[in-house]
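Me: Could you take a close look at one part of this model for me? I would like to hear about the cysteines and what surrounds them.

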Amino acid sequence: MTGHRPPAEDTTTDVIRWAAFSCVLVPVVLLWYGTSLAGATGTAFGLAAVTAVCRILLRQSERGAARLAQEERAPRRGRHHRSGAGARRGGRHTGGSTPVG
């Protein structure tokens, strides 16, 4: 028995398994109904290519979602996350000129 997986991983894995199953099942059905071997083979390769691209896109989407969730949990730091409306180093500057030194 394998360990517990997050629901998103289960869903993605199930989608990929069904797609792989279809890559085998569809050409068999096509052959059963009289399609040529070349046509069934072409269909199998086409479905396999679409499945591979979808798998890559699903995994990339999962990584992006995980990265976004991690950023939302992380504390806000850095220059773009100031603590107030005018919070800057050195305080407020009025209209006077400052010598460059």
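Reply: Happy to; here is a walk from the whole chain to the cysteines, then to a threonine and an aromatic pair.

This is a predicted model, so local features need pLDDT of at least 70 and side-chain atom pairs count only at pLDDT 80 or more, while totals for chains, interfaces and linings use all residues. Residues are numbered from 1 along each chain as its sequence is written, and side-chain values use heavy atoms, with hydrogens and water left out.

The protein chain has two helices and zero strands; these are DSSP runs, H or I of at least four residues for helices and E of at least two for strands, numbered from the N terminus. Of its 101 residues, 7% count as buried. Buried here means under 20% relative accessible area, exposed over 50%, and partly exposed in between, with a 1.4 Å probe and protein chains only. The accessible surface of the chain, from the Shrake-Rupley method with a 1.4 Å probe, is about 8900 Å², and carbon and sulfur atoms hold 61% of that surface.

Now the cysteines. Zero disulfides turn up in a search of the whole structure, a disulfide being a pair of cysteine sulfur atoms within 2.5 Å. For C23, the closest cysteine sulfur is that of C54, and the 9.9 Å between them is too far for a bond. C23 is buried at 14% relative accessible area, whereas C54 is partly exposed at 37%.

T51 touches C23, along with A19 and A20, leaving aside residues up to four places away in sequence; contact means heavy atoms within 4.5 Å. T51 belongs to helix α2 (residues 37-73) and is buried, with a relative accessible area of 16%. A polar atom of the T51 side chain also lies 2.8 Å from the backbone oxygen of L47.

To finish, the aromatic rings. The whole structure holds one aromatic pair. The ring centres of W18 and F21 are 5.7 Å apart and their planes stand at 85°, so the pair is edge-to-face. Rings of Phe, Tyr and Trp (its six-membered ring) pair if their centres lie within 6.5 Å, and planes under 30 degrees apart count as stacked, over 60 as edge-to-face and the rest as tilted. Both W18 and F21 sit in helix α1 (residues 7-32), three residues apart, or about one turn of the helix. W18 is exposed at 60% relative accessible area, and F21 is partly exposed at 44%.

Terms used
A polar contact is a pair of N or O atoms within 3.5 Å; within protein, one must be able to donate a hydrogen and the other to accept it, and residues adjacent in sequence count only if both atoms are side-chain atoms.
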